[in-house]
Amino acid sequence: MLTIDRATYDAIVAHAKRDHPDEACGVVAGPEGSDRPERLVEMVNAAGSPTFYEFDSTDLFQLYKEMDARDEEPVVVYHSHTATEAYPSRTDVGLASEPNAHYVLVSTRDCFTDDGNNDGPVEFRSYRIVDGEVTEEEVAVVDALPRTSQPA
Amino acid sequence: MAIEVRIPTILRTYTGGEKAVHGEGASLTALIDDLEAHHPGIKDRLIDDGDLRRFVNVYINDEDVRFIGGLEAPLSDGDQVVVLPAVAGG
């Protein structure tokens, strides 16, 4: 199960809407081994495409360097689908390389209504992708992540 | 002296779980051959058809090797090499 706080959830949805019709992407980093998505990092989709996303290679390096320095890992890796459902594509599965991460898919295909509003429904789903196997998991949105026993 | 190579999670099955290993070589291609000698199987995850795999990024001292000669990029003792799979999809 993915447990995520409301503010981070809302920020991911807002990012997906803002970049629509291109795919949006990013990570939520957290302390290694904690399974706590604490720090949202919006990434630029270097592909700038409605059907593909890729972190820019220099941005990717900086991100991992920063996470390494902070003893963090990518707890959530998210991206949007803008014309299809929030389910990992074959490409998503083939390229998934973080077996410990929650892969979040957001679909904005139904959120832009004919009257020009963007308040239609957004799909937000989470998966584990390990060795080409996709397993959907429950998403629990909480007001705040539970306190940790150790100081953060 | 040697070259430190940072290994991403997904490839640590080849390094016995180690986050970083050491290797030798005057170029990236020589380093990868040296890694393969000690961690069999890893080369195929980095190279396809004689070229760096499209969705694998390798950095030498913070520079993406694609901008500094690719597999022929020169290496010296003390350099740090980082391997990161692309974060990408459709």
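Which residues have the most contacts inside the largest nonpolar core? In this predicted model, they are Val76(A), Tyr103(A), Val104(A), Val106(A) and Val81(B). The core itself has 52 residues. In soluble globular proteins, nonpolar side chains tend to be buried together.

Let us start with one of these residues. Val76(A) touches Val27(A), Val28(A), Pro37(A), Ala101(A), His102(A) and Val104(A), leaving aside residues up to four places away in sequence.

**Strands of chain A**

Now follow the strands. E6, residues 102-107 of chain A, pairs with E7, residues 123-130 of chain A, in the antiparallel sense, and 5 bridges link the two. One pair to look for is Leu105(A), whose bridge partner in E7(A) is Arg125(A). E7(A) is also joined by 5 bridges to E8, residues 133-137 of chain A, and these strands run antiparallel. Here you can find Tyr127(A), which has Glu136(A) as its bridge partner in E8(A). The hairpin of E7(A) and E8(A) has 2 residues between the strands.

Chain A also carries a label from a database. In an unreviewed UniProt entry, the annotation "domain: MPN" covers residues 2-133 of chain A. Over residues 2-133, chain A is 25% helix and 33% strand, and the end C-alpha atoms are 17 Å apart.

**Where the chains touch**

Next, look at the contact between the chains, which takes 20 residues from chain A and 16 residues from chain B. On the chain A side, at least two residues each come from strand E4 (53-54), helix H2 (57-69), strand E5 (72-81) and helix H3 (90-95). H2(A) gives the most to this side, with 5 residues. Sorted by class, the side of chain A that touches chain B has 9 nonpolar, 8 polar and 3 charged residues.

Strand pairing crosses between the chains too: E4(A) is joined by 2 bridges to strand E8, residues 88-89 of chain B, and the strands run antiparallel. To see one of these pairings, find Tyr53(A), whose bridge partner in E8(B) is Gly89(B).

**A look at chain B**

Chain B has 2 helices and 8 strands. Read from the N terminus on, its elements run β-β-α-α-β-β-β-β-β-β. The radius of gyration of chain B is 12 Å, close to the 12 Å that the globule rule gives for 90 residues, so chain B is as compact as a globular protein of that length. Its C-alpha trace spans about 40 × 30 × 25 Å along the principal axes. Of the 90 residues of chain B, 28% count as buried. Among contacts in chain B with a separation of 6 or more, 47% come from residues 24 or more positions apart.

**Backbone details to spot**

Two aspartates have a positive phi, and here they are side by side.

| Residue | Phi | Place |
|---|---|---|
| Asp131(A) | near 50° | loop between E7 and E8 of chain A |
| Asp62(B) | about 80° | loop between E5 (56-60) and E6 (63-64) of chain B |

Are these residues buried or exposed? Asp131(A) is exposed, because 8 other C-beta atoms lie within 10 Å and a residue counts as exposed at 12 or fewer. Asp62(B) has 11 C-beta neighbours inside 10 Å, so Asp62(B) counts as exposed.

Finally, visit the peptide bond between His20(A) and Pro21(A), which is cis, with omega about 10°. Pro21(A) sits in the loop between helix H1 (6-19) and strand E2 (25-31) of chain A.

Conventions. Residues numbered from 1 in each chain as written. Chains lettered and ligands numbered in written order. Predicted model: local features only at pLDDT ≥ 70, side-chain atom pairs only at ≥ 80, totals over all residues. Core = buried A, V, L, I, M, F, W, Y, C linked by C-beta atoms within 7 Å. Buried ≥ 20, exposed ≤ 12 C-beta atoms within 10 Å, placed from the backbone. Contact = placed C-beta atoms within 7 Å. Pairing = 2+ DSSP bridges. Helix = DSSP H or I, 4+ residues; strand = E, 2+ residues; numbered from the N terminus. Nonpolar A, V, L, I, M, F, W, Y, C, P; charged D, E, K, R; others polar. UniProt positions renumbered as here; feature names shortened; annotations may be inferred. Rg over C-alpha atoms; globule rule 2.2 N^0.38 Å.
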